[in-house]
Amino acid sequence: MNHKPGKYKVKDIKLAAEGDRLIDWAESRMPVMTALRKEYSRTKPLKGYRIAGCLHVTKETAVLVKTLVAAGAQVSWSGCNPLSTNDAVAASLANQGISIFAWHGMNVKEFYWCIEETLKFKPNLTLDDGADLIFTIHKNHPEFAEKYVIGGTEETTTGVHRLRAMAADGALKYPVIAVNDAETKWDFDNVYGTGQSTLDGILRATSVLLAGKNIVVAGYGHCGKGVGVRAQGLGANVIATEVKPTAALKATLDGMRVMKMDEAAKIGDIFITATGVKDIIVKRHFERMKDGAIVCNTGHYDCEINLVDLEKLTKSKRLIRDNNIEYTLKNGKRIYVLAEGRLVNLAAAEGHPSEVMDMSFANQFLSQVRLAVAHRKGQRLEDGVHDISAAQDQEIAGVKLKTMGYSIDKLTPEQRKYQDDYSAGT
Ligand code: ADE
């Protein structure tokens, strides 16, 4: 890798050595990425391609970036959340010659400035978590989609949801692979990754006992389920709020109580939003909460908890500990908001553990390779949202299992024939 510093803006380049160690640690837990890097640094399928990335700058993301570079890509990176950048990791990447624009605690204007900086080298490929890069290109540089960009990848549920809406309107001007919809992403990263890292963030910001607490999880999708089940495992009484009957039903069969937020607001000790929708906790909920209630969000955007409403009810505020602001309301009650309502798992902790990001980022990496290889063969994918292939999913899961030391059975030809035989019955 090129060790000359690239073009960058990070908090403090002197943190690079600390970042190197964090990245080494993550790498030691990411055997699938290590195997991919070894294989593709020989064939370099991304040689000649410029990739702009907008995804949380964590130690795991650094492993992805280094793998893209090893496969021949030129990369320019920004973080996809103002509070999720690890400054030491950003410094390490900058010091290794990666063009990176990211620091912890930036404001929204700076956030978009960083994205614009990464677009200056006119990328051929985009790699997103939350689709901000794609939206910025479509809004500010629509000509890029025609002239330079051959495709993109999207990491998260919220991003994929919006891109599908954009594609349905005919507004999406290049192909995007929905990494989120791979089984090796949503069934692991969203469930086990979010489950563990969200509780990790809450504990780092509060250090409270979870056993015996009423924990309200808003949204019982894959992320909400992961959080709910893990909280239950630590002895919490979990309450789920939902709008979708099947999801609510799942929560009840998982042993959670289901009720409307209007009711849950009165009895919750800790509230965790995981819906991808705005205004889940608003004024009337804050008014009903108990003194000392803790509120946080683990959805992609910071719109789930309406902090403007909370401010209106507030008499005074103070930072009581890192990532934890105490709001004292005019009625004397105190409410604690973690990580300013942004992703608590990334802002207050380190995001999902390396072991699950190993699979999610293998999907990201292979999808970028798929777009480049198709383009090189003159077979650019159609504009719109594309799924990860089932074969890629199974291959990643198979490699992961192998690195964990597990082997599984294989169907015999007779069993396979039996499976497909629709004349066979009882
Ligand atoms: N999203 C959730 N956890 C993450 C991590 N550790 N790195 C990058 N993106 C993430």
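How do the residues of the shell around the ligand divide into nonpolar, polar and charged? They divide into 4 nonpolar, 5 polar and 2 charged; here Ala, Val, Leu, Ile, Met, Phe, Trp, Tyr, Cys and Pro count as nonpolar, Asp, Glu, Lys and Arg as charged, and the others, Gly among them, as polar.

The model is predicted, so that local features need pLDDT of at least 70 and side-chain atom pairs count only at pLDDT 80 or more, while totals for chains, interfaces and linings use all residues. Residues are numbered from 1 along each chain as its sequence is written, and side-chain values use heavy atoms, with hydrogens and water left out.

**First stop: the ligand**

Select the ligand and display its surroundings: Leu55, His56, Thr58, Glu60, Thr61, Leu346, Glu350, Gly351, His352, Met357 and Phe361, each with a heavy atom within 4 Å of the ligand.

Next, select the polar contacts (pairs of N or O atoms within 3.5 Å). A polar side-chain atom of threonine 58 is found 2.7 Å from a nitrogen atom of the ligand. For glutamate 60, a polar side-chain atom lies 2.9 Å from a ligand nitrogen atom. Histidine 352 takes part through a polar backbone atom, 2.8 Å from a nitrogen atom of the ligand. Of the 260 Å² of accessible area that the ligand has on its own, the protein covers 96% (Shrake-Rupley method, 1.4 Å probe).

Now colour helix H3 (59-70) and helix H16 (354-376), the elements that give two or more residues to this shell; helices are DSSP runs of at least four residues and strands of at least two, numbered from the N terminus.

**Second stop: salt bridges**

A salt bridge is a side-chain nitrogen of Lys or Arg within 4 Å of a carboxyl oxygen of Asp or Glu. The whole structure holds 24 salt bridges. Select Lys59, Glu60, Asp200, Arg204 and Glu350, which a network of salt bridges links.

Move to aspartate 254 and lysine 225, whose closest N and O atoms are 2.7 Å apart in a salt bridge. Aspartate 254 belongs to the loop between helix H11 (245-253) and strand E10 (257-258) and lysine 225 to helix H10 (residues 222-233), so the pair ties together parts 29 residues apart in sequence. Aspartate 254 is partly exposed at 26% relative accessible area (buried is under 20%, exposed over 50%, partly exposed in between; 1.4 Å probe, protein chains only).

Finally, select aspartate 12 and lysine 14, a salt bridge with its closest N and O atoms 3.6 Å apart. Aspartate 12 is partly exposed at 26% relative accessibility, whereas lysine 14 is exposed at 70%.

How values were computed. Polar contact = N/O pair within 3.5 Å; in protein donor to acceptor, adjacent residues only side chain to side chain.
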